[in-house]
Amino acid sequence: MWDIKNYYKDDGEPIKCIFCDCEQFTTVIKDKMGYIVMEYELHCANCDDIASYWATGYHDPVYMKYAHNHIDKLNSLLIEPNII
Ligand SMILES: [Zn+2]
């Protein structure tokens, strides 16, 4: 059974990539104010998909919702209709 708790911490920090289960992430800085990082994305180190967007102290929960939606879609593709 797929569980988002295996992929994201409660605060939205990614644990594993939902696409390939990789546990390594690359930080891509999107905005800085002087030396202070204001916004960054975490990309999967293996497949480069975006796992999280962080801004001014918080991970955006939209990415957890996106992970849920994506898994539902994958599961729906795996369900075969009953053939009599
Ligand atoms: Zn990945």
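**Exercise 1.** Which residue is the bridge partner of Trp54 in β4? Place this pair within the predicted model by working out how β3 and β4 are joined.

*Solution.* The bridge partner of Trp54 in β4 is His59. A further pair involves the next strand contact to be considered, since Ala55 has Tyr58 as its bridge partner in β4. Strand β3, which covers residues 50–55, is joined to β4 by 2 bridges, and these strands run antiparallel. Turning to the connection, β3 and β4 form a hairpin with 2 residues between them, and Thr56 in that turn has a positive phi of about 40°.

**Exercise 2.** Describe how β2 and β3 pair, and then establish which strands of the sheet stand at its edges.

*Solution.* Strand β2, residues 36–44, pairs with β3 in the antiparallel sense over 5 bridges, and Glu41 stands opposite Tyr53 in β3. These two strands also form a hairpin, here with 5 residues between them, in whose turn Asp48 has a positive phi of about 70°. Taken as a whole, the sheet is open and consists of 4 strands in the order β1-β2-β3-β4, with antiparallel pairing. Because β1 (25–33) and β4 (58–59) each have a single partner strand, they stand at the edges, and one side of each is left without a neighbour in the sheet.

**Exercise 3.** Is Asp31 buried or exposed, and which residues does Asp31 touch beyond four places away in sequence?

*Solution.* Begin with the location: Asp31 lies in strand β1. Next, apply the cut-off, under which a residue is exposed if 12 or fewer other C-beta atoms lie within 10 Å of its own; Asp31 has 11 C-beta neighbours inside 10 Å and therefore counts as exposed. When residues up to four places away in sequence are not counted, Asp31 touches Met38 and Glu39. Finally, Asp31 and Ala55 are 24 residues apart in sequence, while their C-alpha atoms are 8.8 Å apart in space.

**Exercise 4.** Which residues make up the largest nonpolar core, and what does Ala51, one of its members, touch?

*Solution.* The largest nonpolar core has 10 residues in all, namely Tyr8, Cys17, Ile18, Phe25, Leu42, Cys44, Ala51, Tyr63, Met64 and Ala67. Both β2 and α1 (62–78) supply at least two residues of this core, and the largest share, 3 residues, comes from α1. In soluble globular proteins, nonpolar side chains tend to be buried together. Leaving aside residues up to four places away in sequence, Ala51 touches Pro14, Cys17, Phe25, Leu42, His43, Cys44 and Tyr63.

Note on methods
Residues numbered from 1 in each chain as written. Predicted model: local features only at pLDDT ≥ 70, side-chain atom pairs only at ≥ 80, totals over all residues. Pairing = 2+ DSSP bridges. Core = buried A, V, L, I, M, F, W, Y, C linked by C-beta atoms within 7 Å. Buried ≥ 20, exposed ≤ 12 C-beta atoms within 10 Å, placed from the backbone. Contact = placed C-beta atoms within 7 Å.
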